[in-house]
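Okay, thanks everyone, let's get going. I'd like to walk you through a few strands, some charged pairs and the packing behind them.

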Amino acid sequence: KQGSATCLRSRPLLLDMASAMLRLAILCQVARQTAALVDCSKSPNCAARNRDDCNPLGTVAGACGDCLLGNYGSDGPTNTFCVSNTSCAAIYPGMNSCPLVDELGVYQASQLPFVLPFGRCVCDEGGHRWKTSPDKCAVIRMSTEFSGHYALESCSSSTCAAETCVVLAGWPPPEAVDDSTAMPAFKCRDTGTDSSILVHECSDIIGKTPPSAFCGHAGMIDNSIQSDPGILTCDVAPLCPQSVMPERLDQTCCLGNDFSFQLQGDGSVGGLPANGFCAPEIKMGNLSGQPLLVELISAHGLKDMDAMLQGISDPYCIGGFVGKPLTRFKTKIIDDSVDPVFKKVSVFGESSEEDDFEFTCWDRDFGDPDDFLGIAKLPYERWKVNGFDGELKMTNTSGANSYLKIKVSSASLASRAQCSVLTTADGWRGCACLDAVGTRMLDRVCTAQCTMPGCGLDNSNVPPTPDRWRTSDIAASVRATDRSDRAIVNAAFVAAIPRLLWSATLLAAVAMASGWLDGR
């Protein structure tokens with residue numbers, strides 16, 4: 001009992017000692033952490049580098065942390081940039097020089113590239129998109145050889161397994177020379193017969209080009225339902241409507257024919273012949289959402305901004321939708337004129353409600369900033385119904401009475417008068433309608449005949465004609481015999497000529513013999 005009492009009396013003392021030791025350990029840990037704090041006051045804008053902020057408990061002063069989720073680059077702490085999951089590499093087949101960059105920052109080249117979204121294994125089945133390495137796959141990803149570097153690899157497997165790939169080009173992580181938040185551009189790489197680039201945004205490569213154009217074959221379209229930029233799912237285009245006749249593609253793609261009629265909303269046959277596939281019927285009235293043809297024809301009454309002995313103004317104009325810089329276009333410069341004729345035509349692939357046009361004109365000066373000549377606006381309400389064709393009075397003209405002559409119309413209606421279409425490609429015949437700049441039009445590629453792998457016997461595996469394209473059937477009696485059928489018939493007739501001649505000779509001999517006998 002005496003021992004138990006002694007233990008009971010010593011327990012509080014032991015608890016007090018344990019609590020004191022715990023407090024001391026915590027104080028020591030805090031002291032060590034305080035002594036280990038690093039200076040983050042001079043760290044750059046880490047968010048602009050797609051990185052975590054500088055960590056005061058880290059090991060490097062003024063350095064950002066790891067790449068943010070969904071970004072790729074060197075492990076922190078470092079101040080190099082990380083590329084995002086919207087970055088892309090591009091291979092330009094057969095080009096041993098780098099593409100140029102236009103004023104909007106979009107890469108321009110004589111041919112479309114093989115686009116590779118970061119981390120995605122992309123394969124060129126059929127050799128339509130990467131013609132210098134047909135049926136190969138490629139991927140842009142983090143290098144396994146150099147830490148923090150990016151590697152462009154060519155692969156022989158459809159999964160881009162590392163053991164099946166070889167490195168074509170590489171890029172070190174981009175670094176800023178100062179505290180700039182602008183992400184430095186990667187250098188173009190020469191990869192033998194091709195050139196390659198790595199960009200921070202896929203849109204810098206794709207621009208306004210319709211995705212299907214990157215399929216590399218007139219009869220292939222992008223059926224991708226993914227929202228990721230640069231992801232393509234290239235399949236053969238659906239079957240053409242009945243208004244397109246395989247034996248008369250050049251004619252019926254553009255003009256249709258008199259034997260296939262428009263369908264009503266309930267599927268019944270209407271009374272009007274179907275339009276040509278490349279000149280689809282245009283909704284009457286509101287042009288919003290339709291492709292537009294914008295013509296900046298001329299100006300008159302511009303102010304002469306040049307000094308004496310320097311001639312008169314050298315004007316040019318810029319136009320586009322308000323607030324949409326990617327739609328801007330620029331006329332040529334007309335020397336020494338206050339009444340210039342531009343005849344500039346631009347195609348707008350799409351428009352939306354409340355899109356106002358804005359046109360500004362300038363006087364080109366050498367050595368000095370260009371002089372502003374005025375501005376004109378065309379509100380949406382003035383062009384949405386039946387377009388616009390007339391003059392716009394300019395404002396802010398420094399007192400001049402200046403006007404612009406503008407025409408806005410349906411680009412699809414204009415294409416009826418000037419139809420441009422591709423009708424043949426490897427293993428394919430059909431209609432691939434082209435816009436004014438030679439790019440395949442959206443939703444305007446159809447298949448008449450296909451012998452490519454996967455099309456099936458008699459086009460059995462080609463997607464059916466969409467309801468929005470359908471026209472009435474053409475009676476077999478009015479269809480012209482296909483050239484191949486005519487060739488077979490002609491060949492059979494030629495082969496039968498000797499037999500016909502022999503039969504005719506035999507009949508003549510019999511007739512002569514019969515007459516001789518009768519005469520005898």
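Let's start with strands S26 and S27: S26, residues 428–434, pairs with S27 in the antiparallel sense, over 6 bridges. Before I go on, this is a predicted model, so keep that in mind throughout. If you want one spot to look at in that pairing, find Ala 432, which stands opposite Val 445 in S27.

Now zoom out a little. These two strands belong to an open sheet of 3 strands, in the order S25-S26-S27, with antiparallel pairing. Which strands stand at the edges? Those are S25, residues 420–425, and S27; each has a single partner strand, so one side of each is left without a neighbour in the sheet. And if you're wondering about the twist, neighbouring strands here are turned by 20° against each other on average, direction ignored.

Stay on S27 for a moment, as there's some charge on it. Asp 443 and Arg 468 meet through their side chains in a salt bridge, 2.6 Å from N to O. Asp 443 sits in S27 and Arg 468 in the loop between S27 and helix H6, so the pair ties together parts that are 25 residues apart in sequence. Buried or exposed, what do we have at the Arg 468 end? Arg 468 counts as exposed, at 59% relative accessibility, while Asp 443 is partly exposed at 35%. Arg 444 joins in too: Asp 443, Arg 444 and Arg 468 are linked in a network of salt bridges.

How many salt bridges are there altogether? The count comes to 8, and I'll show you two others. One is Asp 355 with Lys 324, where the closest N and O atoms are 3.2 Å apart. That one links distant parts of the chain, 31 residues apart: Asp 355 is in the loop between S20 and S21, and Lys 324 is in the loop between S18 and S19. Look at the burial as well: Asp 355 is buried, with a relative accessible area of 5%, whereas Lys 324 is partly exposed at 32%.

The other is Glu 358 with Lys 377, with a closest N and O distance of 3.7 Å. Here the pair runs from strand S21 to strand S22, 19 residues apart. Glu 358 is partly exposed, with a relative accessible area of 26%.

S21 brings us to its partner, S18. The two pair in the antiparallel sense over 7 bridges, and one pair to click on is Ile 318 with its bridge partner Thr 360 in S21. S18 also has 2 bridges to S19, again antiparallel, with Gly 319 partnered by Phe 329 in S19. As for cover, 6 of the 7 residues of S18 are buried.

So what sits behind all this? The largest nonpolar core has 26 residues, and the ones touching the most other members are Leu 292, Phe 357, Phe 359, Trp 383, Leu 404 and Val 408. Elements giving two or more residues to this core include S18, S20, S21, S22 and helix H4. Which strand gives the most? That would be S17, with 4 residues.

Pick Leu 404 and look around it. Leaving aside neighbours within four places in sequence, Leu 404 is in contact with, among others, Leu 296, Cys 317, Phe 359, Ala 376 and Leu 392. There's also a second, separate core of 16 residues, including Phe 118, Val 122, Trp 130 and Trp 171.

That's my tour; happy to take questions.

Technical notes:
Residues are numbered from 1 along each chain as its sequence is written. This is a predicted model: local features need pLDDT of at least 70, side-chain atom pairs count only at pLDDT 80 or more; totals for chains, interfaces and linings use all residues. Side-chain values use heavy atoms; hydrogens and water are left out. A salt bridge is a side-chain nitrogen of Lys or Arg within 4 Å of a carboxyl oxygen of Asp or Glu. Buried means under 20% relative accessible area, exposed over 50%, partly exposed in between (1.4 Å probe, protein chains only). Two strands pair if DSSP finds at least two bridges between them. Axes are lines fitted to C-alpha atoms, for helices over the stretch in contact, and angles run from 0 to 180 degrees between N-to-C directions. A nonpolar core is a set of buried Ala, Val, Leu, Ile, Met, Phe, Trp, Tyr and Cys residues joined through side-chain atoms within 4.5 Å. Contact means heavy atoms within 4.5 Å.
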